[in-house]
Amino acid sequence: MDLYRAHVLVCCGTGCTSSQSGKIIENLEKELTAQGLSREVKVVKTGCFGLCAEGPIMVVYPEGVMYYRVSPDDVTEIVSEHFLKGRPVARLMTVQTAVPLDQARNVEESDFFKKQLRVALRNCGSINPESIEEYIAHDGYLALGKVLTEKMAPLDVINEVKKSGLRGRGGGGFPTGLKWEFAARQQNEQKYVCCNADEGDPGAFMDRSILEGDPHSVIEAMAIAGYAIGANQGYIYVRAEYPIAVQRLKLAIGQAKAYGLLGERVFGSEFSFDIEIRLGAGAFVCGEETALMRSIEGKRGNPTPRPPFPAVKGLFDKPTILNNVETFANIPVIFQKGADWFASLGTDKSKGTKVFALGGKVSNVGLVEIPMGTTVREIVFDIGGGIPNNKAFKAVQTGGPSGGCIPAKLLDTPIDYDNLIAVGSMMGSGGMIVMDEDTCMVDIAKFFLEFTVDESCGKCAPCRIGTRRMLEVLEKITGGTGTMEDLEALERLAVGIKEGSLCALGQTAPNPVLSTLKHFREEYVEHVTEKRCRCGVCKGLTQYFILTDLCKMCGLCAKRCPVGCISGVLGKEPFVIDTAKCIKCGACMQACKFKAVVKR
Amino acid sequence: MGSTKTKTHDEQVTLLEQVIAKYQGQGRKALMQVLQEAQAIYGYLPLDVQRTVADGLGVSVAEVYGVITFYSFFSLNPKGAFEVSVCLGTACYVKGSQAILEKIEEELHIKAGECTPDGKFSINACRCIGACGLAPVIMVNEDVYGRLTPDQIPAILAKYKEA
C-alpha cells in the first residue's frame, strides 16, 4: 500500500454533491498531478460530514484542517498554498453562519462536533463509501466474521442485540432483539430480512447519508440479522429519489459478493445470504411495514391489519423482519464493542445514540448524532449554533408528519423515545426542524396535514376522510373564517382518527395539530378571534399597507404590482394599496427600498 | 429525461419488449421494476404502455393502472423537457419554498403538476430531496439550485428557456 503524507477528504453527500463536490475532486486530482504531488497527497471521497450548511466541505489530515464552502476555483490555491507550501488557506477556514466555528483549528474541537457521538455515523465522512477495503480497515465485516466463524448460535446473536437495548430507529422504538426473536421462533423454510430505506419524512436525510456514506454497515448488519432469524434473502427498499444511495448500495453488494462476504457460504460457513434492491416510487405510507412489503410484492402500498405481524406472516406471506437503515447501522458496533458498551450509552430506556437531520431556522444545518439523553437545547443552541439573524426561537418539530412541536419551555427535555412522546411529539426517524418567530404554527399544522391528506392511501375511512375534514377546518381558520367551535372540532376529529385508523400513518396524522393546539393555542385563538396571523404567513389574514411617512413616492411598488392595485403620484403623493384588489403576493414589500411597505 | 426525446417510437417499443423479457416469468412481483424502467424509456406511462406491460406480465390493465396512480413517482402525463422540481419538504418550507414555487408558477404561467404548451417546462412540487443544508432548493432536471430567494428564479429559468 502506498504511503501518503496527507489525505484530503472531500464530502460527497447529497448537499455537497449538489454544490459541485464532484468537480472539486476532479480539479484536485488534476492540480495535484500538475504540481507533482499526486503521490504525496491522496484524495478521498467520503460520505456526509454533517455540517451541510457550510458545504462543500473538505478536511485535510493529519492536521484536521476543515475547509468550508469550497468552490472548484479554490482548488489551485489550496494545492499550491496548503499542500506545496504548508500554509493552510485561512480564507476558507471560517464559516459564514452566525456562530463562529473558526476558533477551532481542528475538526473534532469545533462546537458542532464536541457534543456529538458518532456510532451509526462512525464511518460517514471518514472512509470512501465506494471502497470495501476502507470499510474493512475500519473493522468492517469483523462483526459478521465473529458471528459466523466463532459459530455463535443464532439465539446468542439475538440475545446480544436484546442485551444492547437497541430500539428501532425508524420511529416506533420497538426493541430490535425482540423483533428478531419473534421471527427466529417461526418454523419456515423461507424467511426474509428487509431494510426500510424509504425515508419519507420531509426534511429528513439520515438514512440517505448512511447509505451514501457507509453502505457496507447496512449490508453487514442485514447478513447478521439473516443468520439470527434463519433467512437467506434480504431486500433493501430504497427511494428512487436517492440515486447516489442506490448506486453505492449496488456497488457495495457487488464488492461484498466478490469478497465472499455475501452470497453462497459467507465466510466459508454453511450460511448463505443474498440481498436485492427494490426501488420505492414515492409513497409515504410505504414506510409502514406492511405497506412496504406489499410494495415489494409489486402491489399498491396499502397497509394490512396486524396481527398477523410480519414476523409471522410478512413478505410473500413468509416470516419477515423489517428494520430501518439506522437501526442496522448500529448492529455491527454492538458485536465489535459488545452489548454492554452499547447499553452504557444513552438513558435508562433508550440506549445508544440517535441521528438527527437538523434543519430549518438554525445556523448549523446538518446531520448530527447525539447520545440519547442530550437535551433539545444542547442540539439547537450548542451543536446547531442557535437561530440565525437574531430571531427568537419558537419551536422544534420532530417526528415529521407523525410528530409534534416542542416549545421553548420544554427545551431542556432530554431526548429519548418516552420523553418525546410525553411532550406530545415523537422520536420519528430523526427529522428535527427548528422554527423561529416568523413561523406560524397554525400554518405548519396545515402544512403537515396537507402532506398526510396527500399521502393517505385511502384504504380506511378515518384517515382518508378524517384528515381531509381536519384540513378543511384548518383552511377555514387560516383563511379568516374560523370559529372557536372549530378548535373543538379539530380536537374531536383528532381523537377519532387516532383511534380508528388502520396503520400508523392515520394513527399519528393528528399529532402536528394536537401538539400545536396544546403548546401554541394562543396563535389559533388569534387567528379565530382577532383574524390575525402574528407571523404574517397566513395570506387570508394578512394585509399589506404603505406607511405614508416612510413613502418616498418613487412608485417602484406600483410598477412591480402584478394586479395594479397600488396608486399614487410620482414624487407628489404617497402611494396607497387598494387592499380589496391586493392578492398579497408581497412583490411591493420586496420592491420597496425604504421599508415603507409593511404587512399585518 | 432529455434523452427520451431522441428515441423514435420503434426504438421505445423494442426497449420495452426487452425490459419485459428480462423479467419474464416473475409476473406481478416484477411490476414495479418494469414500470420504473418503462417510465425511464418513455418519460411517462401512457395507456398503450400500460397495456403492453399488463400483457407482458400477465396481470390486468386495471391492476397496472392501480399501481401507477398509487405512487407519485409514476406519471400518466408527459413531462417537460426541463422538469423543475421544487422541494416542499419541511426544512425548505420553513425557509420559504412556497414563495419560490409561486414565483416559478408565475414565471412559467403553469401550476405545479402541469406542463407548458410547448413541452419545454413542467413543475413538480416534490417532497424532500435530502439537501436540507441548501434550503430552499429546486432542481431543474439534474441541476440543483440552493439557498434561493424568489428574485433569483427568473435568471435561473432564463438559462433553460434559451437552451
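Mentor: Let's start with a definition: two strands pair if DSSP finds at least two bridges between them. Keep in mind, too, that this is a predicted model.

Trainee: Thanks! What makes strand 11 and strand 13 of chain A a pair?

Mentor: Set the count against the cut-off. Pairing needs at least two bridges, and five bridges join strand 11 of chain A to strand 13, residues 431-436. These two strands therefore count as paired, and they run antiparallel.

Trainee: Which residue of strand 13 of chain A is the bridge partner of A:F393?

Mentor: A:F393 has A:D436 as its bridge partner in that strand.

Trainee: How do you know that strand 11 of chain A also pairs with strand 12 of chain A?

Mentor: By the same kind of test: at least two bridges are required, and four are found between strand 11 and strand 12, residues 404-407, of chain A. Here too the strands run antiparallel. One of the links sets A:V396 against A:I406 of strand 12 of chain A. Strand 11 and strand 12 of chain A form a hairpin with five residues between them. In that turn, A:G399 has a positive phi of about 80°.

Trainee: Why is strand 11 of chain A called largely enclosed?

Mentor: A residue is buried if 20 or more other C-beta atoms lie within 10 Å of its own. Five of the six residues of strand 11 of chain A, residues 393-398, are buried, so the rest of the structure largely encloses that strand.

Trainee: Let's move to the start of chain A. In which sense do strand 1 and strand 2 of chain A pair?

Mentor: Strand 1, residues 6-11, and strand 2, residues 41-46, of chain A pair in the parallel sense, over six bridges. As an example, A:A6 has A:V41 of strand 2 of chain A as its bridge partner. Strand 1 of chain A also pairs with strand 3, residues 58-61, this time in the antiparallel sense over four bridges. There, A:H7 stands opposite A:Y61.

Trainee: Chain A has an open sheet of four strands too. What are its order and its pairing?

Mentor: The order is 7-6-5-8, and the pairing is parallel. Strand 7 (274-279) and strand 8 (320-324) of chain A are the edge strands, since each pairs on one side only. From one strand to the next, the twist averages 20°. Within this sheet, strand 5 (residues 192-197) and strand 6 (residues 233-238) of chain A share six bridges in the parallel sense, with A:N196 partnered by A:Y237.

Trainee: What makes the directions of helix 10 and strand 5 of chain A roughly antiparallel or oblique?

Mentor: Helix 10, residues 215-229, packs on the sheet, touching strand 5, strand 6, strand 7 and strand 8 of chain A. Its direction makes about 150° with that of strand 5 of chain A. Angles over 145 degrees count as roughly antiparallel, so that is the right label for helix 10 and strand 5 of chain A. Helix 11 (residues 243-258) of chain A lies across strand 6 and strand 7 of chain A, at about 165° to strand 7.

Trainee: Why are helix 9 and helix 13 of chain A called oblique to each other?

Mentor: The axes of helix 9 (residues 206-213) and helix 13 (residues 325-337) of chain A cross at roughly 45° and come within 9 Å. Angles under 35 degrees would be roughly parallel, and 65 to 115 roughly perpendicular. The crossing fits neither, so these helices of chain A are oblique. Helix 9 of chain A brings A:M206, A:D207, A:I210 and A:L211 to the contact, and helix 13 of chain A brings A:V325, A:E326 and A:A329. The residues of this contact divide into five nonpolar, no polar and two charged.

Trainee: And chain B: why is one side of strand 2 and of strand 4 left without a neighbour in the sheet?

Mentor: That open sheet of chain B has four strands in the order 2-1-3-4, with mixed pairing. Strand 2 (121-126) and strand 4 (143-145) of chain B stand at the edges with a single partner strand each, so one side of each has no neighbour in the sheet.

Trainee: Finally, how many residues does each chain give to the contact between chain A and chain B?

Mentor: Chain A gives 39 residues and chain B gives 31. On the side of chain A, helix 1, strand 9 and strand 13 are the elements that give two or more residues.

Conventions
Residues are numbered from 1 along each chain as its sequence is written. Chains are lettered from A and ligands numbered from 1 in the order in which they are written. This is a predicted model: local features need pLDDT of at least 70, side-chain atom pairs count only at pLDDT 80 or more; totals for chains, interfaces and linings use all residues. A residue is buried if 20 or more other C-beta atoms lie within 10 Å of its own, exposed if 12 or fewer, and partly exposed in between; C-beta atoms are placed from the backbone. Two residues are in contact if their C-beta atoms, placed from the backbone, lie within 7 Å. Axes are lines fitted to C-alpha atoms, for helices over the stretch in contact, and angles run from 0 to 180 degrees between N-to-C directions. Ala, Val, Leu, Ile, Met, Phe, Trp, Tyr, Cys and Pro count as nonpolar, Asp, Glu, Lys and Arg as charged, and the others, Gly among them, as polar.
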